[in-house]
Amino acid sequence: MGEYTSENLSLTLHSRPLLTSIIHSNTRSTPTGIKTRHFSSILSEVSSALKIHQQHGSFLGGVHLELTGDAVTECVGGSEGLVEEDLSLNYTTYCDPRLNEKQALELAFLVAGHYRDQRHSVSY
C-alpha cells in the first residue's frame, strides 16, 4: 500500500481489511554498507497506521514484519538499545534485516497496548 495517509486509507476502507508491510519502507544502510532497520522508525509507522485506522473507525487487519526468534543483531534500537556498532555481533541474514526475538515481542506488546487503550477509552 505504501505510506499510510488518511487519503489513501479512505479510498480502500470500504472494500477490504488492510494489511501493511511497514518493514520494507524502513530499510537503511549504515555508512559501512550494512543493511539495517531502526526499531523507532518501524514503531512510528505502525503507530501512524493504527492512529489513522482509529480515526476512520476501522482496524488494521495485519502487519507484515520480518523477524526471527533468534538473538540476532540486525535491527537497531528497541529496549535493548542496540546501536550500529552492535550489528556485527550476530548479523546472520542473507537478505533483509530482521527484528530479533526481543524487538518483535516489544513491538507486539506495543500494538496490543494500543488496542487495549482504545478498548478502555470507548464508552459503552
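With which residue does E66 form a salt bridge, and how far apart are the closest N and O atoms? In this predicted model, the partner of E66 is R37, and the closest N and O atoms of the pair are 3.4 Å apart. The contact joins distant parts of the chain, with R37 in strand 3 (residues 35-38) and E66 in the loop between strand 4 (60-63) and strand 5 (75-76), a separation of 29 residues. Both E66 and R37 are buried.

The count of salt bridges in the model comes to five. Among them is the pair formed by E74 and R98, for which the closest N and O atoms lie 2.8 Å apart. Because E74 belongs to the loop between strand 4 and strand 5, and R98 to the loop between strand 5 and helix 3 (101-121), this salt bridge ties together parts that are 24 residues apart in sequence. E74 has a relative accessibility of 0% and therefore counts as buried.

A further salt bridge is formed between E80 and K102, with the closest N and O atoms 4.0 Å apart. Here the loop between strand 5 and helix 3, which contains E80, is linked to helix 3 itself, which contains K102; the two residues are 22 residues apart. E80 counts as partly exposed because its relative accessibility is 36%, and K102 is likewise partly exposed, at 46%.

With regard to cysteines, the number of disulfides is zero. C75 is buried, its relative accessible area being 0%, whereas C95 is exposed, with a relative accessible area of 54%.

Methods:
Residues are numbered from 1 along each chain as its sequence is written. This is a predicted model: local features need pLDDT of at least 70, side-chain atom pairs count only at pLDDT 80 or more; totals for chains, interfaces and linings use all residues. Side-chain values use heavy atoms; hydrogens and water are left out. A disulfide is a pair of cysteine sulfur atoms within 2.5 Å. Buried means under 20% relative accessible area, exposed over 50%, partly exposed in between (1.4 Å probe, protein chains only). A salt bridge is a side-chain nitrogen of Lys or Arg within 4 Å of a carboxyl oxygen of Asp or Glu. Helices (H or I, at least four residues) and strands (E, at least two) are DSSP runs, numbered from the N terminus.
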